[in-house]
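Biologist: I am new to this structure and should be grateful for a careful look at a single part of it.

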Amino acid sequence: LFHRQVCKIDVYLFDENGVYIEKLTDQVPTGSTFAKGYIMGLPEAYKEAVQFVAFAGLHEEQSKSTNMIPGASTINDLHVALNDRVNNIVDCSLRPMWHGNIAFARTRVARNDTTTISLTKNTNNIRIVLQSLDDHLKVDVKDFSFLLESVNGKCNAHNELVGQDCWYYRPYYTAKDNDAGAIAELHTLRLMNDRENRLKINQTANNKTTTLMDINLNKYINALKLQ
């Protein structure tokens with residue numbers, strides 16, 4: 001997916017002790033993505049780098065990263081998080097974000113060496129469809145509210161979730177379909193097994209709100225994994 005979805009890449013360089021050296025950034029014009037076979041060159045000045053942490057899709061309007069100081073900051077200081085939002089509510093479409101890291105066993109990179117950093121996608125798109133089992137009963141999306149709660153707004157250099165702030169993801173898109181029913185789509189950051197991810201659906205009718213669903217989503221997502 002790299003050449004279809006990634007338009008900005010930040011690679012953080014660290015020495016064998018995990019001390020920060022520099023950040024290399026590359027970006028293509030808005031509306032385009034990197035070409036197939038993309039290679040980032042490592043300047044000779046940074047030949048001491050043996051640990052690399054890559055974050056793709058970090059855009060200032062969406063996320064922020066630690067202000068790293070060369071020679072002083074370490075790999076444990078590096079964090080990436082969503083930008084501050086009112087009440088931690090995310091109700092918009094998120095741009096794709098990715099993470100990858102790699103470390104060499106040797107003490108320095110040899111000239112003309114090439115290595116591949118595999119990336120893990122850090123954003124998810126979740127689609128919810130509510131349908132009635134009674135063909136004569138129509139479901140109107142305006143009668144429902146959807147919310148996904150997760151403590152997942154911040155990660156470290158190893159892509160582990162850190163922090164205790166809960167984030168509240170609401171639909172960035174809803175639709176009423178006479179055949180499909182009520183449709184809602186949410187964008188979230190990674191949903192991990194070691195954090196509780198709660199899905200809540202409420203219905204409002206006659207000025208009264210009723211909770212239809214309040215579940216830990218983890219087991220349902222796991223049940224949908226292909227063999």
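Biologist: Which strand do five bridges join to β13, and in which sense do the two run, parallel or antiparallel?

Modeller: The structure is a predicted model, and the part in question is best approached through the pair of strands itself. The partner of β13 is strand β14, which covers residues 181-189. Five bridges join the two, and they run antiparallel. Within this pairing, Lys176 stands opposite Ala182 of β14.

The pair belongs to an open sheet of three strands, whose order is β9-β14-β13 and whose pairing is antiparallel. The edges of this sheet are taken by β9, residues 123-130, and by β13, residues 173-177. Each of these edge strands has a single partner strand, and therefore one side of each is left without a neighbour in the sheet. From one strand to the next, the twist averages 15°.

A second sheet may be set beside this one. It is also open, with three strands in the order β4-β5-β11 and antiparallel pairing. Here β4 (63-65) and β11 (154-156) stand at the edges; each has a single partner strand, so one side of each lacks a neighbour in the sheet. The twist in this sheet averages 15° from one strand to the next. Strand β5, residues 79-82, pairs with β11 in the antiparallel sense over three bridges. One residue of this pairing is Ala81, whose bridge partner in β11 is Lys154.

The chain as a whole provides the setting for these sheets. It has 16 strands and two helices. Along the principal axes, its C-alpha atoms fill a box of roughly 70 × 35 × 35 Å. Of contacts between residues at least 6 apart in sequence, 63% join residues at least 24 apart. Of the 227 residues in the chain, 38% are buried. The accessible surface comes to about 13600 Å², and carbon and sulfur atoms account for 47% of that surface.

Charge may be considered next. The chain carries 25 positive and 26 negative side chains, and the centres of the two sets lie 2 Å apart. A lysine outside the sheets described above may serve as a last point of reference: Lys225 is found in the segment after α2, the helix of residues 218-223. Lys225 counts as exposed because its relative accessibility is 57%, and the term applies to values over 50%. Lys225 and Lys142 are 83 residues apart along the chain, and their C-alpha atoms are separated by 31 Å.

Key. Residues are numbered from 1 along each chain as its sequence is written. This is a predicted model: local features need pLDDT of at least 70, side-chain atom pairs count only at pLDDT 80 or more; totals for chains, interfaces and linings use all residues. Side-chain values use heavy atoms; hydrogens and water are left out. Helices (H or I, at least four residues) and strands (E, at least two) are DSSP runs, numbered from the N terminus. Buried means under 20% relative accessible area, exposed over 50%, partly exposed in between (1.4 Å probe, protein chains only). Contact means heavy atoms within 4.5 Å. Accessible areas come from the Shrake-Rupley method with a 1.4 Å probe; for residues, only the protein chains shown count as cover. Lys and Arg count as positive and Asp and Glu as negative; His and the chain ends are not counted. The place of a charge is taken as NZ of Lys, CZ of Arg, CG of Asp or CD of Glu. Two strands pair if DSSP finds at least two bridges between them. Axes are lines fitted to C-alpha atoms, for helices over the stretch in contact, and angles run from 0 to 180 degrees between N-to-C directions.
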